[in-house]
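Biologist: I should like a close look at a single helix and its surroundings. Please describe how its two faces differ in exposure, what packs against it, and how it relates to the nonpolar interior.

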Amino acid sequence: MNDFDEKTRVTTVVQPPPGGGVGPKAATDCLVVIYTKEPTLLGKRFVLEHNPTRVGRGADNHVVLDGDSVSRRHAQFRQKGNEWVIVDDGSTNGTYCNDEQISREVVLRNGDRVKIGPTIFKYLSGADVEAQYHEEIYRMTIMDGLTQIYNKRYLYEALEREMIRGRRHERELSILMFDIDHFKRINDVHGHLAGDYVLKEVARVVTARIRRDEVFARYGGEEFAIILPETSLQGAVQLGETLRQKVADHQFVFQADSIKVTISLGAAILLEADKAASDLIKRADEKLYQAKRSGRNRICS
């Protein structure tokens, strides 16, 4: 079982009550699980009906999370007037709001993301919370909850469309596949929370460099893909080399730990023989593993 498939189990699920709760907004304000190591938990909704609503590994919490990086009493959601705040209860590994570790407490705004251990919740508030919830469920079908980029499903759908478009207009289409070198070692040495940080930070560095018409997606685990419309193989290799250098030069620091991160990449261009998106992805993936076998921190095409 790889790091991406590791289980994180939520053992208490609070379903939306028909009404009541604490305060005028308590019946609607809720948390939605947008990222978890257990895929069946995606989209679970926790209504904030208790003040405070406690989260942790201990069975006495309102929301019980299982995992080594979750403290027995990790955090609590507390209502103050018409607002909810997230409070860290002196947890060992910290509580994060929108990727920033909170020192004491943070007032939550609609759409804020709260990370406790490996689980990410999205806070939804307001009169239209039901519509927001359904929109969030749709987002989960195309977006990766951790990195906030597209997921594998969307990648395949987008690539199929671009293949049709490229052939219709006789334009080139390339793809880059890359993964993080020695990612298991990062998890083993620095911990899984540091691994999550590296995944998010690599995604952020790459997102800053690609164009609007290019599709960037998390393929799975520590592997990513970029669809490059109207781009030659040489252009794909040039972009790949730029991204490789940017990641290698970037400072990755998590909880005072400096982490050296590099990526290996493979590039491929659409050929007449490619019948489906999987054909193009397979060839790029083969070049990626050629890069890893030949020493890592490089690109092959």
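Modeller: The account below begins with the helix itself and then moves outward to its neighbours and the core. The model is predicted, and the part chosen is helix α3, residues 183–190.

Within α3, Phe 183, Ile 186 and Asn 187 are buried. Viewed along the axis of α3, the buried residues fall within an arc of 95°, so they line one face of the helix. The reason for such a pattern is general: an α-helix has 3.6 residues a turn, so residues three or four places apart point the same way. On the face of α3 turned away from the buried side lie the exposed residues Lys 184, Arg 185, Asp 188 and Val 189. The cover over the buried residues of α3 includes strand β12 (173–180), helix α4 and strand β16 (257–259).

Of these neighbours, α4 can be described further. Just after α3, Gly 191 adopts a positive phi of about 100°, and α4 spans residues 192–207. The axes of α3 and α4 come within 6 Å and cross at roughly 135°; the two helices are therefore oblique to each other. From α3, the residues Phe 183, Ile 186, Asn 187 and His 190 take part in the contact, meeting His 192, Ala 194, Gly 195, Val 198 and Leu 199 of α4. By character, the residues of this contact comprise 5 nonpolar, 4 polar and no charged. Phe 183, Ile 186 and Asn 187 thus appear both in this contact and among the buried residues of α3.

The neighbouring helix also leads into the interior. The largest nonpolar core has 44 residues, and those touching the most other members are Leu 176, Phe 178, Ile 180, Val 198, Phe 216, Ile 226 and Val 261. Helix α4 supplies the largest share of this core, 9 residues. Val 198, one of the residues that touch the most other core members, is also one of the α4 residues that meet α3.

Phe 178 offers a further view of this interior. Leaving aside residues up to four places away in sequence, Phe 178 touches Val 202, Val 206, Phe 216, Glu 222, Glu 223, Phe 224, Ile 226, Ile 263, Ser 264, Leu 265 and Leu 288. A second, separate core of 22 residues includes Ala 217, Tyr 219, Ala 277 and Ala 284.

One backbone feature is found ahead of β12. In the loop between α2 (152–168) and β12 lies Glu 170, a residue other than glycine with a positive phi near 55°. Glu 170 is exposed, with a relative accessible area of 76%.

Notes
Residues are numbered from 1 along each chain as its sequence is written. This is a predicted model: local features need pLDDT of at least 70, side-chain atom pairs count only at pLDDT 80 or more; totals for chains, interfaces and linings use all residues. Side-chain values use heavy atoms; hydrogens and water are left out. Axes are lines fitted to C-alpha atoms, for helices over the stretch in contact, and angles run from 0 to 180 degrees between N-to-C directions. Helices (H or I, at least four residues) and strands (E, at least two) are DSSP runs, numbered from the N terminus. Angles under 35 degrees count as roughly parallel, over 145 as roughly antiparallel, 65 to 115 as roughly perpendicular and the rest as oblique. Contact means heavy atoms within 4.5 Å. Ala, Val, Leu, Ile, Met, Phe, Trp, Tyr, Cys and Pro count as nonpolar, Asp, Glu, Lys and Arg as charged, and the others, Gly among them, as polar. A nonpolar core is a set of buried Ala, Val, Leu, Ile, Met, Phe, Trp, Tyr and Cys residues joined through side-chain atoms within 4.5 Å. Buried means under 20% relative accessible area, exposed over 50%, partly exposed in between (1.4 Å probe, protein chains only). The arc is that of the directions from the helix axis to the C-beta atoms.
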